[in-house]
Amino acid sequence: MKLKHTRSEAAFERAQQLIPGGVNSPARAFGGVGGCPVFISRGERQYLFDIDGNRYLDYVGSWGPHILGHRHPVVVAAIQQALATGTSFGAPTESESVLAELVIAAVPSIEKVRMVSSGTEATMSALRVARGFTGRDVIIKFAGCYHGHVDSLLVQAGSGALTLGTPSSPGVPVGCTRDTLVLEYNDVEGLAAAFKQRGNELAALILEPVVGNMGVVIPTPEFLQACRDLCTQYGTVLIFDEVMTGFRISYGGAQAHFGVTPDMTTLGKIVGGGLPVGAYGGRADIMNTVSPVGPVYQAGTLSGNPLAMACGIATLETLKKTNPYAELERKTANLCEGLSQICRVKGIPHTVPHVGSMFTLFFNSEPVTNYQVSARNDTARFARYFHGLLERGIYLPCSQFEANFVGVEHTDENIEQTLASAEAVLGEITGI
Ligand code: PMP
């Protein structure tokens, strides 16, 4: 039985006339897998419903924010309550301090925090602060890490940029990337050599402490420690981009999970619970360079928006109270183990790394340690796998180079159902 997508097809036709590619963010366009994106009418707990009335088990969770599932009652009530008082004032509200307090208590590196409206704004601002604080210009990023569409970071970037084959974008002036050094993830020697050569010019080293944006890539303990030690040695600001991993891998993010504390941290996604929020924070001496205390300018008309704050507060308080992380890890490990076993039986080259509730099934038997290995995946096989699961009512990220997310609403039954569907789809692909 084939699902009907007639309405989505019509909606996509219309959207393409009006919006570049029919989407407001490229990763949604099914560019890596082909076909028509499904248009969503609503979300409920672990499910998405499209405008043709099909239901999908959702492993995207709006690309990360919905760890609690769609329309969690506590979150909905908090937004409704905030809405009754107004949508935006352009003046301080107490809710901003409530969310700041929650973030500071949770994330080891953050002593002071500033709210913004997206992950991109968070990384862009953190870099500016690091540069202002150190008086230096050069930064290091790693190939395949995505930190939003900031000019100076859109060099060999992951996620949609990697999927669509434009990891470095036209329109970014050479001058903006001249001060960006791009190194290979997990390469301690390369990192040490770069610091030896340019260490005294380095304002910041920014990384995803678990990469989600070339598929899930796990750092070696030596690598994270080398990032920390070299930054300390050379007075470089270590920035963990925890837009994806924050409140996801553990309540305190990757830094709490691995016990490595950066100087600054960027957040997004879960911190806003599904409304547009980003945040950057860190050591108080660094954050005190931000305007109006210090000279580094950064601002936003809708920053600290009351609806977004209410949504973020309700999300974090629920996570703090329910502490779902061990359970999320258990469910995700079961799913990954099951997928691995299915692939083994069918002789499919694969690896299924996961940390907490983030995972990727790579169609590649090498351990994926960096961008070069990640890029050697069988993306054609992934496209067939993706569409096979979509037809069975399972919604995965539409690219091999993305993280999949398990949420608190995914049941053991959902995991079993996903494995049965994956087995059927991979069986069709291999004939085994
Ligand atoms: N950093 C990381 C690690 C991300 O995963 C993302 C988005 N996927 C961003 C930054 C950019 O966030 P936004 O899309 O909210 O601008």
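**Notebook: strands, domains and a marked lysine**

I started with strand 12 (residues 358-359), which pairs with strand 14 in the antiparallel sense over two bridges. For my own reference, strands (E, at least two residues) and helices (H or I, at least four residues) are DSSP runs numbered from the N terminus, and two strands pair if DSSP finds at least two bridges between them. The model is predicted, so I note its limits: local features need pLDDT of at least 70, side-chain atom pairs count only at pLDDT 80 or more, and totals for chains, interfaces and linings use all residues. Residues are numbered from 1 along each chain as its sequence is written.

**The small sheet**

I then looked for the sheet that holds this pair. It is an open sheet of three strands in the order 11-12-14, with antiparallel pairing. Which strands are at the edges? They are strand 11 (354-355) and strand 14 (404-405), and each pairs on one side only. For one bridge I wrote down both partners: Phe-359 is matched with Asn-404 in strand 14.

**The two domains**

Next I looked up how the chain is divided. Domain 1 covers 6-63 + 324-430 and domain 2 covers 73-322; these bounds come from an automatic or database domain assignment. The C-alpha centres of domain 1 and domain 2 are 25 Å apart. Domain 1 puts 26 residues into the contact and domain 2 puts in 28 residues, where two residues are in contact if their C-beta atoms, placed from the backbone, lie within 7 Å. On the domain 1 side, the elements that give two or more residues are strand 11, strand 12 and helix 13 (371-374). I was pleased to meet strand 11 and strand 12 again here. By class, this side of domain 1 has 13 nonpolar, 12 polar and one charged residues. In this scheme Ala, Val, Leu, Ile, Met, Phe, Trp, Tyr, Cys and Pro are nonpolar, Asp, Glu, Lys and Arg are charged, and the others, Gly among them, are polar.

**A hairpin and its partner**

I went back along the chain to strand 2 (residues 47-50), which three bridges join to strand 3 (residues 55-58) in the antiparallel sense. Phe-49 sits opposite Arg-55 in strand 3. Strand 2 and strand 3 form a hairpin with four residues between them, and Gly-53 in the turn has a positive phi of about 90°. Strand 3 also pairs with strand 13 (residues 394-395), this time in the parallel sense over two bridges. There Asp-58 stands opposite Tyr-395.

**Following the parallel strands**

I traced a run of neighbours from strand 5 (residues 138-142), which pairs with strand 7 in the parallel sense over three bridges. Ile-139 stands opposite Ala-204 in strand 7. Is strand 7 (residues 202-207) mostly covered or uncovered? It is mostly covered, as six of its six residues are buried; buried means 20 or more other C-beta atoms within 10 Å of the residue's own, exposed means 12 or fewer, and partly exposed lies in between, with C-beta atoms placed from the backbone. Four bridges then join strand 7 to strand 8 (residues 237-241), and the two run parallel. Strand 8 in turn pairs with strand 9 in the parallel sense over three bridges. Phe-240 of strand 8 turned up twice in my notes: it stands opposite Leu-207 and opposite Thr-265 in strand 9. From strand 9, Met-264 and Thr-266 point one way, Thr-265 and Leu-267 the other way, and all are buried.

**The marked lysine**

Just along from there I looked up Lys-269, in the loop between strand 9 (264-267) and strand 10 (278-282). The UniProt annotation from an unreviewed entry reads "modified residue: N6-(pyridoxal phosphate)lysine" and covers Lys-269; such annotations may be inferred rather than shown by experiment, feature names are shortened, and positions are given in the numbering used here. Why does Lys-269 count as buried? Because it has 27 C-beta neighbours inside 10 Å. Beyond its neighbours within four places in sequence, Lys-269 is in contact with Gly-64, Pro-65, Gly-119, Val-243 and Met-244.

**Around the ligand**

Finally I checked the ligand. It has 17 residues around it, and Ser-118, Gly-119, Thr-120, Gly-148 and Val-243 come nearest; near means a C-beta atom, placed from the backbone, within 6 Å. Helix 4 (residues 119-134) gives the most to this shell, with three residues. The shell divides into four nonpolar, 11 polar and two charged residues.
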